[in-house]
Amino acid sequence: MALDQISNAHKEMRIKIMQNIGVVFVRLGQYSDAITSFEHIMSDSPNIKTGFNLILCYYAIGDRERMKKAFQKLISVPLGIDDEDKYIPTSDDPSSNMVIEAIKNDKLHQMERNLKVLAEKYIMTAAKLIAPAIETSFASGFDWCVDMVKSSQYVELANDLEINKAITYLRQKDFNQAVETLKTFEKKDSRVKSAAATNLSFLYFLEKDYDQADRYADLAMNADRYNPAALINKGNTVFVKKDYEKAAEFYKEALRNDSSCTEALYNLGLTYKRLNRLEEALDCFLKLHAILRNSAQVMYQLAYLYEPLGDPQQAIEWLMQVISVTPTDPHVLAKLGKLHDDEGDKSQAFQYYSESFRYFPSNIDVIEWLGAYYIETQFCEKAIQYFERATLIQPTQVKWQLIVASCYRRSGNYQKALETYKEIHRRFPENVECLRFLVRLSTDMGLKEVQEYATKLKKVEKMKEIREQ
C-alpha cells in the first residue's frame with residue numbers, strides 16, 4: 001500500500017520500502033517473492049545489504065548458478081567511498097596537510113570505514129556460506145570465490161578466504177590439507193602470513209611437534225609482532241620446555257598488545273603456579289573470573305590455589321561454584337571430599353566421595369577412601385564391594401585382595417576369608433602376610449593344612465632373609 005502511494009520520483013524511498021517487502025517475504029518463508037523484490041533493487045539501485053539478502057534467498061532455494069551470479073553482483077556493488085590514499089599527506093604545503101589531518105578521523109571518514117568493514121563482512125559470510133554449495137566440493141567452491149574476489153575491488157579479502165578454506169579443512173578433521181593450504185601463505189604479505197603461521201604453529205603444537213610449532217610461532221611474530229595469538233603460541237612452546245620465566249614474558253607481551261586476551265591471562269596464571277608464585281597466579285585467575293564469570297576451569301584453578309595458600313574454606317567455596325556449573329565432575333567431587341576430610345568433616349567427605357564414585361567408579365583413591373570409611377565405621381561387609389572393585393582395576397596389586405580377605409575375617413565370615421587367602425596364596429605364593437593369616441586361620445579353625453602353611457611360611461621368610469642379606 002505504501003509503495004502504491006509513493007511516486008517514481010521518490011526513488012530512494014521506493015527502494016527502502018521494497019527492501020522491507022523483501023525481508024517480510026523472507027520471514028514468511030516465501031523466498032521466490034523475496035527474490036523478485038531483491039532482484040528489482042539490485043538491477044535498479046544495487047546495495048551491499050540487498051545483494052547479501054539475495055544470496056541468502058538463492059541459498060535457501062538451492063539455486064547454484066544464481067548464487068554465483070548474485071555473488072558476482074555483490075562484489076561489484078560500488079560503495080561510493082573515496083580512495084584511502086587521499087588521507088596520506090603528499091605535499092609540503094602545511095595548510096593542506098592540516099586539512100588532511102583534520103579529516104583523517106572525522107565522522108565522514110569513520111562512516112566510510114564502517115561501510116567498508118560491513119561490506120567485507122557480508123562478502124566473507126556469503127563466500128563461506130555458498131562455497132560448499134556451488135561446486136562438487138567445498139574446496140573448488142572456495143577457489144571459485146577466491147578467483148572472483150581477486151578480480152574485484154576487494155582483492156585483499158582473497159587471502160582471508162584462503163585462510164577460511166584451511167579452517168574449513170580443520171573442521172572436517174583434514175589436518176594435512178589444512179596445513180598444506182596454510183603453508184602457501186609463507187610468501188604473502190605480513191598480516192596474512194602472521195595469521196597463517198599462527199594457525200600452523202597451534203596445529204603443530206596440538207600434534208606435539210614442538211619444534212615446528214616453535215618455528216611457525218617465530219615466523220608469525222616476525223611478520224606481526226603485535227599479534228597476541230602468535231605470542232601465546234611462542235609462550236606455549238617455551239612453557240613445554242619448562243622455561244617458565246621466558247614463557248611468562250611472552251604471555252605478558254600478548255596482554256600488553258591485547259589486555260582482554262583471556263588465553264594469555266590463563267596461561268600466565270598457570271606459569272606463575274609452576275613458578276610457585278601463588279599470589280601472582282591468584283591475581284591472574286581472579287582477573288579472569290571477572291571476565292569469564294561461569295568458567296569452571298578458572299574457578300577450579302582458584303580453588304586449587306587457595307588450598308596451598310592455607311585457606312581451605314575459600315577452596316571449598318570455589319569448588320562449590322564449579323559444581324554449580326558442572327555438577328557431575330567426579331574429579332571436583334573427589335577434591336571436595338578430600339578437603340572436607342582434611343577439615344575433619346567425615347560425613348560431608350563421605351557424601352562427596354560417594355557422588356564422585358557414582359559418576360566415575362574407577363578412581364582408585366576414591367575407592368580406597370570409601371572402603372576405609374566403611375571399615376572405620378565397622379561396616380566391613382560394605383567395604384568389600386569397594387575393595388573388590390579395586391582388585392579388578394589393579395589385579396597385580398596383592399594389597400587389595402588382602403584387604404578383601406581381612407574384611408571377611410573382621411565380619412566373622414571365616415570360611416570366605418580362608419577361601420580368599422587360599423586364592424591369594426595360589427596367585428602370590430611368596431606373600432608372607434597371606435601365609436601368616438593362613439596359618440592363624442587354619443589353627444583357629446583346627447584344619448590339618450596348618451602344618452603345610454607353617455612350613456611354607458618358614459621357607460618364604462628364610463628366602464626373604466637371604467635376599468635382604
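**Exercise 1. The cores**

Task: State how many residues the largest nonpolar core has and which have the most contacts inside it.

Solution. The largest nonpolar core has 103 residues. A nonpolar core is a set of buried Ala, Val, Leu, Ile, Met, Phe, Trp, Tyr and Cys residues joined through side-chain atoms within 4.5 Å. Buried means under 20% relative accessible area, exposed over 50%, and partly exposed in between (1.4 Å probe, protein chains only). The residues with the most contacts inside this core are I48, F71, I123, C145, V149, Y154 and L161. Helix 7 (residues 107-134) supplies the largest share of this core, nine residues. Helices (H or I, at least four residues) and strands (E, at least two) are DSSP runs, numbered from the N terminus. Apart from this core lies another, of 39 residues; A334, Y353, I364 and Y374 are among them.

The model is predicted: local features need pLDDT of at least 70, side-chain atom pairs count only at pLDDT 80 or more, and totals for chains, interfaces and linings use all residues. Residues are numbered from 1 along each chain as its sequence is written, and side-chain values use heavy atoms, with hydrogens and water left out.

**Exercise 2. Contacts of I48 and I75**

Task: Find what I48 touches beyond four places in sequence, then do likewise for I75.

Solution. Take contact as heavy atoms within 4.5 Å. Start with I48. Not counting residues up to four places away in sequence, I48 touches L74, V77, L79, A119, Y122 and Y154. Now turn to I75, which lies in helix 5 (residues 64-75). I75 has a relative accessible area of 5%, so I75 is buried. Neighbours within four places aside, I75 is in contact with I123, M148, V149, S152, Q153 and Y154. Last, check a C-alpha distance: I75 and G51 are 24 residues apart along the chain, and their C-alpha atoms are separated by 8.8 Å.

**Exercise 3. Aromatic pairs**

Task: Count the aromatic pairs in the whole structure, and classify the pair F350 and Y373.

Solution. Set the rule. Rings of Phe, Tyr and Trp (its six-membered ring) pair if their centres lie within 6.5 Å; planes under 30 degrees apart count as stacked, over 60 as edge-to-face and the rest as tilted. The search finds 18 aromatic pairs. F350 and Y373 are 4.6 Å apart centre to centre, with 20° between the planes, and count as stacked. The pair links distant parts of the chain: F350 is in helix 20 (residues 346-359) and Y373 in helix 21 (residues 364-376), 23 residues apart. Y373 is buried, at a relative accessible area of 19%.

Why is the pair Y374 and Y386 stacked? The ring centres are 5.8 Å apart and the planes lie at 15°, so this pair is stacked. Y374 lies in helix 21 and Y386 in helix 22 (residues 380-393), so the pair ties together parts that are twelve residues apart in sequence. Both Y374 and Y386 are buried. One aromatic cluster is formed by F350, Y353, F357, W369, Y373, Y374 and Y386.

**Exercise 4. Charges over rings**

Task: Identify the ring under K273 and the ring under K382.

Solution. Apply the test: NZ of Lys or CZ of Arg must be within 6 Å of the ring centre and within 35 degrees of the ring normal. The charged end of K273 sits over the ring of Y304, 4.0 Å from its centre. K382 lies over the face of F379, at 5.7 Å from the ring centre.

**Exercise 5. Helix 15 and the loops**

Task: Describe the setting of G269, then decide whether K242 and N276 are buried or exposed.

Solution. G269 is found in helix 15. Its relative accessibility is 0%, so G269 counts as buried. Its C-alpha atom and that of A281, twelve residues apart along the chain, are separated by 4.3 Å. Beyond four places in sequence, G269 is in contact with A281, C284 and F285.

Next, the loops. K242 lies between helix 13 and helix 14 (244-257). N276 lies between helix 15 and helix 16 (278-291). K242 is exposed, at 60% relative accessibility. N276 is exposed too, with a relative accessible area of 58%. Finish with phi. K242 is not a glycine, yet has a positive phi of about 70°. N276, also a residue other than glycine, has a positive phi near 65°.
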